[in-house]
Amino acid sequence: MLLLAIADNIGTITLDRDHRRNAFCEEMVQGFTAALESFRSAGVRCVVLRAKPGSTVWSAGHDIDELPAAGLDPLAWRDPMRKLIREIELFPAPVIAMIEGSVWGGACETVFACDLIVAASDATFAATPARLNVPYNVGGLLTFLNAAPLNIAKEMLFTADPLSVERLCSLGVINKVVDKAELEAVTFAMAHRIAANAPLSIAVMKEQLRILAGAHTMSPEDFERIQGLRRVVYNSQDYAEGIRAFKEKRKPNFKQFPKFP
Ligand code: YXS
């Protein structure tokens with residue numbers, strides 16, 4: 001499910017699960033963990049995360065077949081995609097997401113959790129919890145908030161529409177947008193620049209920025225309110241309907257409305 005390579009202190013992870021449009025499943029995330037561990041042992045100074053050249057879908061996000069039935073939090077701490085995002089954020093060297101094709105659902109957050117994003121000009125990002133009636137988790141929404149202005153995060157999450165990388169780059173969400181033919185050269189030139197600098201300083205600055213970006217206070221009462229509201233969603237008939245509709249390849253028929261103030 002992943003192709004790995006190390007050259008010039010740069011580790012490359014290529015998503016290789018075409019038949020499921022590179023959807024992140026538990027087995028793939030286990031491969032990520034092993035790959036990052038091997039990169040750490042090899043003293044890799046920069047990681048490039050990419051799909052295979054010519055991919056029309058970079059990743060379809062969380063593997064929907066692995067979302068739990070109603071009644072269980074679909075994005076709990078131990079969820080594979082949550083684990084993947086934490087591993088990217090904690091890896092002691094920059095991770096560059098090299099994007100071509102469309103990015104969906106939790107893969108948007110995964111890319112936003114990377115340190116830098118270089119995208120081909122025809123790439124798009126579509127955040128899709130609202131398409132499935134998934135109650136996104138607090139840490140995940142913070143990743144969106146750290147990546148994009150609040151109103152853009154809301155546009156992505158409420159419309160679930162694909163946004164162009166040109167627009168996201170103009171908003172500062174993406175570092176560079178290039179012609180597809182230059183994508184690899186521009187990405188690896190950046191990776192080489194990073195690898196030529198001091199790994200210790202970069203690792204410590206990355207960890208400081210992670211801590212600062214996550215430094216938000218929240219009262220226990222607010223946290224419990226959020227968890228209660230999320231439970232209403234993943235316990236709902238509409239949550240089951242969202243997953244069923246995807247599997248039956250039809251539009252979902254959501255009927256439920258919030259009853260909370
Ligand atoms: O019909 P087969 O068996 O060949 O399988 C199809 C799809 O069902 C499967 N597939 C997936 N399986 C599990 N999880 C997925 N996320 C997923 N996406 C696709 O892959 C086979 C080929 O898909 P197909 O025929 O639709 O390919 P396509 O090239 O026509 O269209 C590609 C996509 C990505 C536009 C389309 O597959 C699609 O819309 N996929 C779902 C994208 C999505 O809604 N992702 C969100 C996943 S849930 C998630 O990430 C978070 C929990 S949240 O929702 O909160 O963000």
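How many nonpolar, polar and charged residues does the shell around the ligand have? By class, 10 residues of that shell are nonpolar, six are polar and five are charged. The structure on display is a predicted model, and this tour begins at the ligand before turning to three residues in loops.

**First stop: the ligand and its surroundings**

Please select the ligand together with the residues around it. The ligand is surrounded by 21 residues, and the closest are Ala60, His62, Ile64, Gly106 and Lys249. The space that the ligand takes is the second largest pocket. Next, colour helix α4, which spans residues 129–132. With three residues, helix α4 gives the most to the shell around the ligand.

**Second stop: polar atoms beside the ligand**

Select Arg21 and display its side chain. A polar atom of that side chain lies 2.9 Å from an oxygen atom of the ligand. Now select His19, and show its backbone. Here a polar backbone atom of His19 is 3.4 Å from an oxygen atom of the ligand. Then move to Ile64, where a polar backbone atom is 2.9 Å from a nitrogen atom of the ligand. A surface view may be added at this point: taken alone, the ligand exposes 990 Å², of which the protein buries 75%.

**Third stop: Glu100**

Select Glu100, which is placed in the loop between β5 (95–99) and β6 (102–104). Is Glu100 buried or exposed? Its relative accessible area is 4%, and Glu100 is therefore buried, the limit for that class being under 20%. Add Gly54 to the selection. The side chain of Glu100 reaches the backbone nitrogen of Gly54 at 2.8 Å.

**Fourth stop: Asn9**

Select Asn9 in the loop between β1 (2–7) and β2 (10–15). Its phi is near 65°, a positive value in a residue other than glycine. With a relative accessible area of 36%, Asn9 is partly exposed.

**Final stop: Asn22**

Follow the chain to Asn22, whose place is in the loop between β2 and α1 (26–41). What is the phi of Asn22? The value is about 55°, which is positive although Asn22 is not a glycine. The relative accessible area of Asn22 is 1%, so this residue is buried. Displayed together, the two asparagines may be set side by side: Asn22 is buried, whereas Asn9 is partly exposed.

Technical notes:
Residues are numbered from 1 along each chain as its sequence is written. This is a predicted model: local features need pLDDT of at least 70, side-chain atom pairs count only at pLDDT 80 or more; totals for chains, interfaces and linings use all residues. Side-chain values use heavy atoms; hydrogens and water are left out. A residue is near a molecule or strand if one of its heavy atoms lies within 4 Å of it. A polar contact is a pair of N or O atoms within 3.5 Å; within protein, one must be able to donate a hydrogen and the other to accept it, and residues adjacent in sequence count only if both atoms are side-chain atoms. Accessible areas come from the Shrake-Rupley method with a 1.4 Å probe; for residues, only the protein chains shown count as cover. On a 1 Å grid over the protein atoms alone, a cavity is a set of points where a 1.4 Å probe fits but cannot get out, and a pocket is an open set with protein on both sides within 12 Å along at least five of seven lines; lining residues have an atom within 4 Å of a point. A molecule sits in a cavity or pocket if more than half of its atoms lie within 2 Å of its grid points. Helices (H or I, at least four residues) and strands (E, at least two) are DSSP runs, numbered from the N terminus. Ala, Val, Leu, Ile, Met, Phe, Trp, Tyr, Cys and Pro count as nonpolar, Asp, Glu, Lys and Arg as charged, and the others, Gly among them, as polar. Buried means under 20% relative accessible area, exposed over 50%, partly exposed in between (1.4 Å probe, protein chains only).
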